[in-house]
Amino acid sequence: MNIKLMQVGPIGTNCYILEHDNKIAVIDPGDEAGRILAELKKSDAQVEYILLTHGHYDHTTAVPELHQALPETKIYIHQADANGAGSRLFPLAGQVDDLLLYDEGDILPLGDLTIEVLHTPGHSPGSVTLKAGDALFTGDTLFAGDCGRTDLRGGSWEEILVSLGRLGKLEGNYHILPGHEGTSDLDTERQVNRYLREGMGVT
Ligand SMILES: [Zn+2]
């Protein structure tokens, strides 16, 4: 499993290129489709998936252009974010005709690696965390030392606390690969992240 991080767009969204067994999943291509495509061309691996942690425009803007360039690639989003749930959402349904929906418990194979979908609402109703090997792609649910905002339409402080608590209680340590800014690991966050701790019921 190899993970490449690219920061894209005006507010620096973390787009991840996850490669395993000569197959690739692109997570949150938020902008700069041309740069992402150039990066993908450096590898001869096949791009299997575009996976979205949620539907906000800063995580999805490059999707239509990538879809055009890579028409075989399967594009997944949670249903609750697919149709646009608020003004800051970029409704992909309608722009991408063969959008696929994933939900809690779904498993996507990437070679012999499995990517597991955890529905972690709160930042948006359709926010998910993707678990692959020892990595958690947490989108805008969990950041290093912080958590996502819940004041956008469809956001919920109560829900994000439940989602954070769930992530915090996962067994073992994971790399935390968030949708913005720096990366971390779960053991560190369990020590220092007051929102994660609040969600876990430890203060
Ligand atoms: Zn967001």
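Which residue in strand 5 does Leu-51 stand opposite? In this predicted model, the residue facing Leu-51 is Tyr-76 of strand 5. That pair sits where strand 4 (residues 46–51) and strand 5 (residues 74–78) run side by side in the parallel sense, joined by three bridges. Let's start with the whole protein and then come back to the sheets.

## The overall picture

The secondary structure adds up to seven helices and 14 strands. Along the principal axes, the C-alpha trace spans about 50 × 35 × 30 Å. For 203 residues, a compact globule would have a radius of gyration near 17 Å, and the protein comes in at 16 Å, which agrees. Of those 203 residues, 45% count as buried. Among contacts between residues at least 6 apart in sequence, 60% join residues at least 24 apart.

## The sheet from strand 1 to strand 6

One open sheet has six strands in the order 1-2-3-4-5-6, with mixed pairing. Strand 1 (2–8) and strand 6 (100–102) are at the edges with a single partner strand each, so one side of each has no neighbour in the sheet. On average, neighbouring strands here are turned by 25° against each other, direction ignored. Helix 1 (residues 33–41) packs on this sheet and touches strand 1, strand 2 (13–20), strand 3 (23–27) and strand 4. The direction of helix 1 makes about 160° with that of strand 1.

Strand 2 is worth a closer look. Eight of its eight residues are buried. On one side these are Thr-13, Cys-15, Ile-17 and Glu-19, and on the other Asn-14, Tyr-16, Leu-18 and His-20, so both faces are covered.

Strand 2 runs antiparallel to strand 1, with seven bridges joining the two. In that pairing, Asn-2 has Glu-19 as its bridge partner. The two strands make a hairpin with four residues between them. Strand 2 also pairs with strand 3, in the antiparallel sense and over five bridges; there, Tyr-16 has Ile-27 as its bridge partner. The hairpin of strand 2 and strand 3 has two residues between the strands.

## The sheet from strand 7 to strand 14

The other open sheet described here has six strands in the order 7-8-9-10-13-14, and its pairing is mixed too. Its edge strands are strand 7 (107–110) and strand 14 (184–185), each pairing on one side only.

Strand 8 (residues 113–119) and strand 9 (residues 128–132) pair in the antiparallel sense over five bridges, and His-119 stands opposite Val-128 of strand 9. Strand 9 then pairs with strand 10, antiparallel and over three bridges, with Leu-130 opposite Phe-137.

Is strand 10 (residues 135–139) mostly covered or mostly open? It is mostly covered: five of its five residues are buried. Ala-135, Phe-137 and Gly-139 lie on one side, with Leu-136 and Thr-138 on the other. Strand 10 pairs with strand 13 (residues 175–178) in the parallel sense over four bridges, and Leu-136 stands opposite Ile-176 in that pairing.

## The nonpolar core

The largest nonpolar core has 46 residues. Those with the most contacts inside it are Leu-18, Ala-25, Val-26, Ile-27, Leu-51 and Leu-136. Several of these names have already come up: Leu-18 is one of the buried residues of strand 2, Leu-51 stands opposite Tyr-76, and Leu-136 stands opposite Ile-176. As for Val-26, leaving aside its neighbours within four places in sequence, it is in contact with Cys-15, Ile-17, Ile-36, Val-47, Ile-50 and Leu-66.

## Positive phi angles

A few residues have positive phi values, listed here with where they sit.

| Residue | Phi | Place |
|---|---|---|
| Gly-9 | about 80° | turn of the hairpin of strand 1 and strand 2 |
| Asp-21 | near 50° | hairpin of strand 2 and strand 3 |
| Asn-22 | about 65° | loop between strand 2 and strand 3 |
| Glu-32 | about 55° | loop between strand 3 and helix 1 |
| Gly-133 | near 55° | hairpin of strand 9 and strand 10 |

Neither Asn-22 nor Glu-32 is a glycine. Are these two buried or exposed? Asn-22 has 12 C-beta neighbours inside 10 Å, so it counts as exposed. Glu-32 has 20 inside that distance and therefore counts as buried.

How values were computed: Residues are numbered from 1 along each chain as its sequence is written. This is a predicted model: local features need pLDDT of at least 70, side-chain atom pairs count only at pLDDT 80 or more; totals for chains, interfaces and linings use all residues. A nonpolar core is a set of buried Ala, Val, Leu, Ile, Met, Phe, Trp, Tyr and Cys residues joined through C-beta atoms within 7 Å. Two residues are in contact if their C-beta atoms, placed from the backbone, lie within 7 Å. Two strands pair if DSSP finds at least two bridges between them. Axes are lines fitted to C-alpha atoms, for helices over the stretch in contact, and angles run from 0 to 180 degrees between N-to-C directions. The radius of gyration is taken over C-alpha atoms; the globule rule is 2.2 Å times the number of residues to the power 0.38.
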